[in-house]
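I opened my notebook to look up a few contacts in this model. My notes follow in the order I took them.

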Amino acid sequence: MLLTSNLKITIGLLVISVMVIIAFLAPQITWHPPLKTLVGKPFTPPNREYLFGTDDLGRDIYAQTIYGLRTSLIVGITSSLLAVIIGILIGAIAGYYGGITDDILMRIADLLFVIPPFFLALLIVVIVGPELTNIIIAIAITSWAGIARITRAQFLRVKEYPFVEAARALGATSYRIMLIHILPNALYGVIPYIALQIGNNIFVEAGLGFLGLSDPNVPSLGRLLNLGQQYLTMAWWIATFPGIILAILIIGFNLLGDGLIEYFNPRIRRVG
């Protein structure tokens, strides 16, 4: 049975809320420093003391997973907020002014569609280094194009509304019209995609970690998956638990995003 938009939103919010609470309480619900070696015997299977077992260096997989979840949320949310700011700014300018300004900005956005964002982010991180701040910036500057396209489309639609024409006739400045009159109405079409963007950026961060391009000083679910695939036959737990947490987190944001898109667009809303 297909999920209704309200059910998707509810499940997505529930999953995300639980994950955020777990990440926020990481210091209180873990017993070992996540990156400290030899807190236990290497390759210890899951047990009462090490809930998710230990890795090849005796580090607690449970602690690494919980702190890695926190890293994923920080990177996903922060990079998405930066991408949204860039995308809304560029999309608003392109949609409002049109003409050559629109052409130039959209051609720049098209370049990001031609080059897959993951590979561009990978290239940037390789060049500038895999520090957490660099990873956030790299993901942000490679993921704004979709938001810019959506914002542009919304501005093209809303700027033709009578109340915008009335504000222009009364002498309102372009800045005021864009910020006060158009943007609040255009955001209804943008907000649903922010949740999808966060989920996508979390996936990109995990992909970078899987390729060994995560910050070595910060726990990463992607790096755990990279380590786990090396020992999959002898220590299945190293990759299994981080992989489950990562999948649940991304599914939560995707459900929320899909539900919001259906909710704000009645034409595609499914009736349960």
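I started at arginine 107, which is partly exposed, with a relative accessible area of 44%. I keep in mind that the model is predicted.

I looked for a partner next. The side chains of arginine 107 and aspartate 110 meet in a salt bridge, at 2.8 Å or not? I read 2.9 Å, N to O. Aspartate 110 is partly exposed too, at 23% relative accessibility. The two residues are three apart in helix 4 (residues 99-114), so about one helical turn separates them. I also found Arg149 linked with Arg107 and Asp110 in a network of salt bridges.

How many salt bridges does the structure hold? I noted six.

I looked up glutamate 262 and lysine 8, whose side chains meet in a salt bridge of 2.8 Å, N to O. Glutamate 262 lies in helix 11 (residues 237-264) and lysine 8 in helix 1 (residues 5-24), so this pair ties together parts 254 residues apart in sequence. Is glutamate 262 buried or exposed? I found glutamate 262 buried, with a relative accessible area of 5%. Lysine 8 is buried as well, at 11%.

I then turned to helix packing. Helix 5 (residues 117-128) and helix 6 (residues 132-141) pack at about 150°, with axes 9 Å apart. Their crossing is right-handed. Helix 5 brings Ala121, Ile124, Val125 and Val128 to the contact, and helix 6 brings Asn134, Ile135, Ala138 and Ile141. I noted seven nonpolar residues, one polar and no charged ones in this contact.

Key:
Residues are numbered from 1 along each chain as its sequence is written. This is a predicted model: local features need pLDDT of at least 70, side-chain atom pairs count only at pLDDT 80 or more; totals for chains, interfaces and linings use all residues. Side-chain values use heavy atoms; hydrogens and water are left out. Axes are lines fitted to C-alpha atoms, for helices over the stretch in contact, and angles run from 0 to 180 degrees between N-to-C directions. Helices (H or I, at least four residues) and strands (E, at least two) are DSSP runs, numbered from the N terminus. A crossing is left-handed if the near helix is turned anticlockwise from the far one by less than a right angle, and right-handed if clockwise. Contact means heavy atoms within 4.5 Å. Ala, Val, Leu, Ile, Met, Phe, Trp, Tyr, Cys and Pro count as nonpolar, Asp, Glu, Lys and Arg as charged, and the others, Gly among them, as polar. A salt bridge is a side-chain nitrogen of Lys or Arg within 4 Å of a carboxyl oxygen of Asp or Glu. Buried means under 20% relative accessible area, exposed over 50%, partly exposed in between (1.4 Å probe, protein chains only).
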